[in-house]
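Thanks, everyone. I'll put the model up and go straight into it.

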Amino acid sequence: MFKIALSFYIIGASYLFGDLFEDIQKLNKGIDGYIIGKNLNPIQTELFKKNSVQSDNPNVVKFIDGENLLIALNKTNLKVIAINKRFNQIDSNITKNLISKLIYEHSDPTVEVHEKIIYWIFDKNGNKLNETDIKEWKDSLKANNQQTLVDAVKGIETNNAKAKTDFNPYLTVKLSSDQILIENKFYLNKTSESNLSNIYILISSSQLINETVKK
């Protein structure tokens, strides 16, 4: 009887996990043909076989597409859980074009952090969280002495009591720079146009990452 019950539990858990991948895949967020929650196509699969790199978690596999694109997959189903694209030493015009493209694809950013990081944060229905959501969450974190907003967006768990607000991002698009990006709110900094920047774009689902690494 116990074995039967355990089997049903495993099947049920796998079904729910599969639903989570399907829900996030429907958001259709990705870059260069890779979509979070989706399997690789045949060409991408061949790249995965040829260009695998070491992973720091046994439940995650990674590979490189070209010189600047790193893809992380759930090892069990080989579906995408994170995409990281790097741009080395680019000028301000290219940086502005990157940000403009992300705004075109995802609308205005949800929040900026430390003047060097811009986030687009989406719920399970693909709705972008708004400024009010973020403000309430930040106020709640401060009041309850909890994790930072950066950790919250990354999906890092804490042992503290749950905050009063419901902040449950399913997918985030993050652009980070080693140079100051923001002059005032989401307006690009104009004082460092001559500086070259190292830019990272990370598209990921903390839901899928957490479910993958804790298996």
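Glu46 is partly exposed, at 39% relative accessibility; the class runs between buried, under 20% relative accessible area, and exposed, over 50%, with a 1.4 Å probe and protein chains only. This is a predicted model, where local features need pLDDT of at least 70, side-chain atom pairs count only at pLDDT 80 or more, and totals for chains, interfaces and linings use all residues. Residues are numbered from 1 along each chain as its sequence is written, and side-chain values use heavy atoms, with hydrogens and water left out.

Back to Glu46. Its side chain meets that of Lys49 in a salt bridge, 3.7 Å from N to O; the term requires a side-chain nitrogen of Lys or Arg within 4 Å of a carboxyl oxygen of Asp or Glu. Lys49 is exposed, at 59% relative accessibility. The two residues are about one helical turn from each other, because they sit three residues apart in helix H2, residues 42-50. Helices here are DSSP runs of H or I with at least four residues, strands are runs of E with at least two, and both are numbered from the N terminus.

How many salt bridges does this rule give? The count is two. The other pair is Lys85 with Asp32, whose closest N and O atoms are 2.7 Å apart. This one links distant parts of the chain, with Lys85 in strand S6 and Asp32 in the loop between strands S1 (30-31) and S2 (34-35), 53 residues apart. Lys85 is buried at 13% relative accessible area, while Asp32 is partly exposed at 44%.

Now the chain as a whole. It has six helices and 12 strands, and buried residues make up 41% of its 215 residues. Of the contacts between residues at least 6 apart in sequence, 58% join residues at least 24 apart, contact being heavy atoms within 4.5 Å.

Next, the interior. The largest nonpolar core holds 37 residues, and those touching the most other members are Ile36, Ile71, Leu73, Ile83, Leu171, Leu175 and Ile201. A nonpolar core is a set of buried Ala, Val, Leu, Ile, Met, Phe, Trp, Tyr and Cys residues joined through side-chain atoms within 4.5 Å. Elements giving two or more residues to this core include helix H1 (2-25), helix H3 (92-106) and strand S9 (171-177). Strand S6 gives the most, with six residues. Apart from this core lies another, of six residues, among them Val111, Val113, Tyr119 and Ile121.
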